[in-house]
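Please open the model in your viewer and keep the selection tool at hand. This tour suggests what to select at each stop and says what is there.

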Amino acid sequence: MDFEELSNWDFAEIDQTLTERDTILYALGLGFGEDPTDKKELAYVYEDGLKAVPSMAVTMGYPGFWLRDPKTGVNWQKVLHGEQWLDIYKPLPTKGRIIGRTKIDFISDKGEGKGAVIYQSRDIIDADTGDKLARVAMSAFCRGDGGFGGENKAGPAPAALPDRAPDHVCDIETLPRQALIYRLSGDYNPLHADPDVARSVGFDRPILHGLATYGLAARAILKSSLDYDASRLVGLDVRFSAPVYPGETVRFEIWEEDGEARFRASIPEREVLVLNNGAARFA
């Protein structure tokens with residue numbers, strides 16, 4: 001890992017034209033419209049009165065998987081998506097021009113043999129008005145890249161989950177082809193489509209995108225806590241624990257308190273936690 005190169009990485013500004021088709025395709029990639037007669041879900045997949053799923057911000061102004069660039073010095077095959085944060089300042093548009101401006105916030109050196117964590121963030125800006133729509137941030141755990149002499153800085157503290165029974169339990173079934181739909185929103189990593197690539201990194205078949213599972217969390221929160229009112233979901237943070245395989249049912253346990261929700265997600269069939277320390281903030 002080249003610490004100086006990474007710390008000063010020059011991200012190109014992304015100018016994206018968002019269409020209603022993009023907005024609908026993102027929602028379909030999360031399974032919205034499972035019941036095409038449910039008007040509350042239909043609002044996210046039908047152009048008449050179309051709404052944007054708030055988590056769609058993570059696909060806007062996306063700079064691509066830049067850690068594959070050899071100049072980073074990162075062993076990209078060993079990179080894991082650690083955490084995801086989102087703050088929404090204005091309801092997302094369903095169409096228009098979007099500007100994405102990405103920067104490195106800091107890099108934490110966990111030590112030789114312990115990896116490193118890269119924290120990056122992106123401002124999503126309405127190109128026509130100049131208004132900041134959202135801030136997207138994430139951590140990338142670089143398992144093969146510790147011990148370069150950097151500072152071991154702590155990231156944001158994870159949200160704590162209440163020690164009581166959840167207020168809602170929401171099961172969402174994914175389709176065997178879910179990743180093949182979701183990838184059309186911009187993440188074409190072959191890990192999520194090519195069985196040979198998946199096997200080469202230790203999975204017996206392609207896995208669902210972590211940000212697709214993240215989007216399922218937004219869907220579960222909208223359904224269980226907000227009656228599908230997208231304007232009320234203004235923040236969504238989560239820690240990734242394990243991958244989901246397309247076709248599995250994801251179970252969300254949701255606790256509501258103090259104007260927000262805490263949540264986690266698991267695969268009951270495998271008894272494995274896939275999302276943890278989730279926090280959804282409400283307007």
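The stops below go from the whole chain to the sheet, then to a helix and single residues.

**Before you start**

This is a predicted model, in which local features need pLDDT of at least 70 and side-chain atom pairs count only at pLDDT 80 or more, while totals for chains, interfaces and linings use all residues. Residues are numbered from 1 along each chain as its sequence is written, and side-chain values use heavy atoms, with hydrogens and water left out.

**Stop 1: the two domains**

Select residues 3-142 as domain 1 and residues 168-282 as domain 2, bounds that come from an automatic or database domain assignment. Their C-alpha centres lie 15 Å apart, and 28 residues of domain 1 are in contact with 30 residues of domain 2, where contact means heavy atoms within 4.5 Å.

The UniProt record, in an unreviewed entry, places "domain: Peroxisomal multifunctional enzyme type 2-like N-terminal" at residues 18-144. It also lists "domain: MaoC-like", again from an unreviewed entry, at residues 161-265. UniProt positions are given in the numbering used here, feature names are shortened, and annotations may be inferred rather than shown by experiment. If you select residues 18-144, you have a span that is 11% helix and 37% strand, with its end C-alpha atoms 36 Å apart. Residues 161-265 are 26% helix and 28% strand, and there the end C-alpha atoms are 12 Å apart. Helices (H or I, at least four residues) and strands (E, at least two) are DSSP runs, numbered from the N terminus.

**Stop 2: the sheet**

Now show the strands: 10 of them form an open sheet in the order 1-3-4-5-2-7-10-9-8-6, with antiparallel pairing. Two strands pair if DSSP finds at least two bridges between them. The edge strands are strand 1 (14-18) and strand 6, each of which pairs on one side only. On average, neighbouring strands of this sheet are turned by 20 degrees against each other, direction ignored; the axes used for such angles are lines fitted to C-alpha atoms, for helices over the stretch in contact, and angles run from 0 to 180 degrees between N-to-C directions.

Begin at the strand 6 edge and select residues 168-173 together with strand 8 (residues 249-257), to which strand 6 is joined by six bridges in the antiparallel sense. Within this pair, Ile172 stands opposite Val250. Next add strand 9 (residues 260-267), which runs antiparallel to strand 8 and is joined to it by seven bridges; here Trp255 stands opposite Arg262. These two strands form a hairpin with two residues between them, and Asp258 in the turn has a positive phi of about 55 degrees.

Continue to strand 10 (residues 272-282), which seven bridges join to strand 9 in an antiparallel arrangement, and find Ala261 opposite Ala280. Strand 10 also pairs with strand 7, over six bridges, and the bridge partner of Asp237 is Ala279. On another side, strand 7 runs antiparallel to strand 2 and is joined to it by three bridges, with Glu83 partnered by Arg239.

How many of the eight residues of strand 7 are buried? Six are, so strand 7 is largely enclosed by the rest of the structure; buried means under 20% relative accessible area, exposed over 50%, and partly exposed in between (1.4 Å probe, protein chains only).

**Stop 3: helix 2**

Select helix 2 (residues 20-29), whose buried residues are Thr23, Ile24, Leu25, Tyr26, Ala27 and Gly29. They pack against strand 1, helix 4 (178-182) and helix 6. Just after helix 2 comes Gly31, which has a positive phi near 90 degrees.

**Stop 4: two loop residues**

Select Ser55, in the loop between helix 3 (39-42) and strand 2. Is Ser55 buried or exposed? Ser55 counts as buried because its relative accessibility is 1%. Its side chain makes a polar contact of 2.7 Å with that of Tyr26, a polar contact being a pair of N or O atoms within 3.5 Å; within protein, one must be able to donate a hydrogen and the other to accept it, and residues adjacent in sequence count only if both atoms are side-chain atoms. Leaving aside neighbours within four places in sequence, the residues in contact with Ser55 include Leu30, Leu86 and Tyr214.

Finally, select Phe11, in the loop between helix 1 (3-7) and strand 1. Phe11 is buried, with a relative accessible area of 13%. Apart from neighbours within four places in sequence, Phe11 is in contact with Pro63, Trp66, Thr102, Lys103 and Ile104.
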